Amino acid sequence: MHNATHKAGAALLSVEGLTVRLPRLGDRPYAVRDLSFTLDKGEILCIVGESGSGKSICANAIMGLLPGYLTPESGRILYQGTDLLQQSEETLQGLRGRKLGMIFQEPMSALNPIMTVGEQIAEVMAVHNDRPGKARQARTLELLELVGLPEPGKLQHAYPFRLSGGQRQRVMIAMALALEPDILIADEPTTALDVTTQAQILALIKQIQLVMRMGVMFITHDFGVVADIADRVAVMEKGILVEQGPAAEVLNRPSHAYTRRLIDAVPHRRSAAAAEAGSKRGGETPVLDVRQLTKSYSVPDGLFRKRHVVAVQDVSFTVQRGRTLGIVGESGSGKSTIGKCLLKLVGIDSGQILFNGSDIAQMSQAEFRPMRKNVQMVFQDPFASLNPRHTVGRIVMDGQLANGVARGKAEHRTRELLRLVELHVGAFDRYPGEFSGGQRQRIGIARALALDPQLLVADELLSALDASVQAQVLQLLMKLQAQLQIAMVFITHDLRVAANICHHIAVMHRGRIVEEGTPEQVFTAPRHEYTRKLIAATPGQSWEPPRLALAA
Amino acid sequence: MKPFLRQFVAHRGAVVGLVLLLVVILVAAFASVWFAQSPWTMVGQPLLKPFESGEFPLGTDMLGRDIGAGLAYGARVSLLIGVTSTLVAVCLGVLIGAVAGYKGGAIDDLLMRFTEFFQTIPQFAMALVLVAIFTPSIYSIVGAITIVSWPPVARLVRSEFLSLKQREFVQAAVVIGQRPMRIVFTQILPNAMSPIIVTASLMTATAILTESSLSFLGLGDRNLMSWGYMIGAARTMLREAAWMSLMPGLAILVTVLAINLIGEGLNDALNPQLRKRGD
């Protein structure tokens, strides 16, 4: 296919028929199978796929960084005419860093914590004997400047833990660029970052790529990111490249069923839920009425002192029956703390949490326990929120038993709930380990619904799931809420998702609600500067996903 | 449970240990069937070398007591004391560690200082003093070994609880309205069991050694034949009749080794991080 669109030999990098076998007992025989694509000078190729699609294996194969139990079975990886798979380890070491640069997903773990930032950048040059002496020092400063870090002179002596996630990723980029490689491979470089930081990093990569005329292979799962930076797109499913082509083509006229499914899972800006948001229920007392909630943590500062960090300050909101309030904010904005306060998992400093008119903040744990069944939560991490040693049936049933429901009745209800969240009834006797992330999140929802709550708090319940699974879980949650008329607090970092399902949105920044309103208001006429920044940073601004009929 | 068994069986040392321990248990169980006479009675000529007489294949000591009988009855004492003191120590350690880890705060501080108090005194010296004060008997020995061996369990359980109680499934249990006691016993403890079982198996071996050392020093139960006592009694004749110390010494070695091998096998089979090793 690549020969049709590009002249053979002209490509900077070309992967031809790459096949990597998985060890036996894997869920499929090949990690990647018969993979062919090319990367040209000065273009950004996005490789898109869900977790387990083989996109990282493909990147590591190019870098020669595959673990020992994975060896390419057939195919070639041609870099300027030489097959990288045939080269000795020494040759590859010479190429890595010098000709092929790579940025990793986790800026937290990819930097050495006991070396200063400057030393780490200089080390890249040192291993390739590049620019000895003074020049290396100068180049380090130049690189820090290039990736937009403030005060390079000072910052080069800082240790990684002093830097924020975005700054660390910038340092990683500086390291990858130190020797001006021809090819930059970026493996989900922005996934661990906040939206506003992500936008900055994407802009930086794009800008540097333009200046240095590199070929960039950018691995991501986010179609918004693809829309922002890709020249060409390759879509991978279960180790097979199912579709590739120019970005505009793939994004707006996807031909493969899998691509259509992925694109269909991208949240649309406007939706049915948002449209009817304007119709406010008048007169009804809110299920939840939070007034001037303030919560601070004391963290150790030095050996003996303690420092107070205010996580939530003077936050007030209400939620009515059958309505969804979206609390949107970046990491550290205090949004998760609010969720914990609502469930009395942490104490609060001051303020009131009125649930159906009575202040639960004042109650002791024992007083609140009988009321707990009314306020339930779906947790963020489906892998940590289910006890691995209990069967699914027991996990869902435990809450009813704790609240005095007879066992037989609880069991019956549990089977009913498993059906309701669209899980197989056979799930009852199985353990959480046998289920995928999306299925586990359904179990978490069933557990929360088992007690017929009046208020449901969902804390980032999508963040650990793949895009297509996200859409399914979200749909299920919406359907159930409409059926059961539960009031919901939906905590998320993703403005797109919030706009999609919430009737009302509160934007949080540094512990305060800086703006609230209907999704319509927040999106079209943001009043606060931070909201404007957040909206501008959302990837895929210019692209409205096409509404595809999922016939195929 | 199946992957656990497969992993355990794949550990060759663990299987060897299990077989050895089974042999020791069988010998202890059938001691009175094979040796009708009490191990204290003089049954033959003194100082018979092993295999010298067909009647006493392991030889006799300086008073003409059958060493084979001594070993068999001694196995009972060693296993009894090892298992009982470990069980009691684990229960005590789990209780204190669980309360400290789950409650946290001032209670945690108090319980941990209390635990450290016991840890600062050398274990064997304390056991020695306790047995000497309460006069040697099987109860005082079990008690002394328990008292010196619970602190590490308490610390282990506390640290497991500290990390487990932060996990989302424990918070979920709070949210659905389970009571603290129920959360501790049905949610947290089962997830902390693996390291506790491994520690307990190794503690049993240590307890057997401690009992032997106490008996060697003459602080064993006077009514019960024990391996440590046999070595202690034989030490004056080490040059003339080395087998008298060698036989019970080998018995201790084999038993403790077997239990340690099992402990290591359990550790590999129960520890999910290690389970991936070598795959």
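Colleague: Leaving aside neighbours within four places in sequence, which residues is M217(A) in contact with?

Modeller: In this predicted model, contact is judged by C-beta atoms lying within 7 Å. Once the neighbours within four places in sequence are set aside, the residues in contact with M217(A) are L39(A), L45(A), I47(A), A59(A), I183(A) and I185(A).

Colleague: Which residues touch the most other members of the largest nonpolar core?

Modeller: The largest nonpolar core holds 225 residues. M217(A), whose contacts include L39(A) and I183(A), is one of the two residues that touch the most other members, and the full answer is A174(A) and M217(A). The largest share of this core, 16 residues, is supplied by helix 4 (residues 67-103) of chain B.

Colleague: Where does this core lie with respect to domain 1 and domain 2 of chain A?

Modeller: Domain 1 of chain A comprises 1-94 + 215-266, while domain 2 covers 286-537. Because both domains give residues to the core, its place is between them.

Colleague: How many helices and how many strands does chain B have?

Modeller: Read from the N terminus on, the elements of chain B run α-α-α-α-α-α-α-α-α-α-α-α. Its C-alpha atoms fill a box of roughly 75 × 50 × 30 Å along the principal axes, and 42% of its 279 residues count as buried. Among its contacts with a separation of 6 or more, 68% are between residues 24 or more positions apart. The secondary structure thus comes to twelve helices and zero strands.

Colleague: Why is strand 19 of chain A described as largely enclosed by the rest of the structure?

Modeller: In a regular strand the side chains alternate between the two faces of the sheet. For strand 19 of chain A, H504(A), A506(A) and M508(A) are buried on one side, and I505(A), V507(A) and H509(A) are buried on the other. The strand, residues 504-509, is largely enclosed because the number of its residues that are buried is six of the six.

Colleague: Which residue stands opposite I505(A) in the pairing with strand 13 of chain A?

Modeller: Strand 13 (residues 324-328) of chain A runs parallel to strand 19 of chain A, and four bridges join them. The residue standing opposite I505(A) is G326(A).

Colleague: Which residue takes a positive phi in the hairpin of strand 19 and strand 20 of chain A?

Modeller: Strand 19 and strand 20 (residues 512-517) of chain A run antiparallel and are joined by five bridges, with A506(A) opposite E516(A). The hairpin has two residues between the strands, and the residue with a positive phi, near 50 degrees, is R510(A).

Terms used:
Residues numbered from 1 in each chain as written. Chains lettered and ligands numbered in written order. Predicted model: local features only at pLDDT ≥ 70, side-chain atom pairs only at ≥ 80, totals over all residues. Buried ≥ 20, exposed ≤ 12 C-beta atoms within 10 Å, placed from the backbone. Contact = placed C-beta atoms within 7 Å. Pairing = 2+ DSSP bridges. Core = buried A, V, L, I, M, F, W, Y, C linked by C-beta atoms within 7 Å. Domains from an automatic or database assignment.
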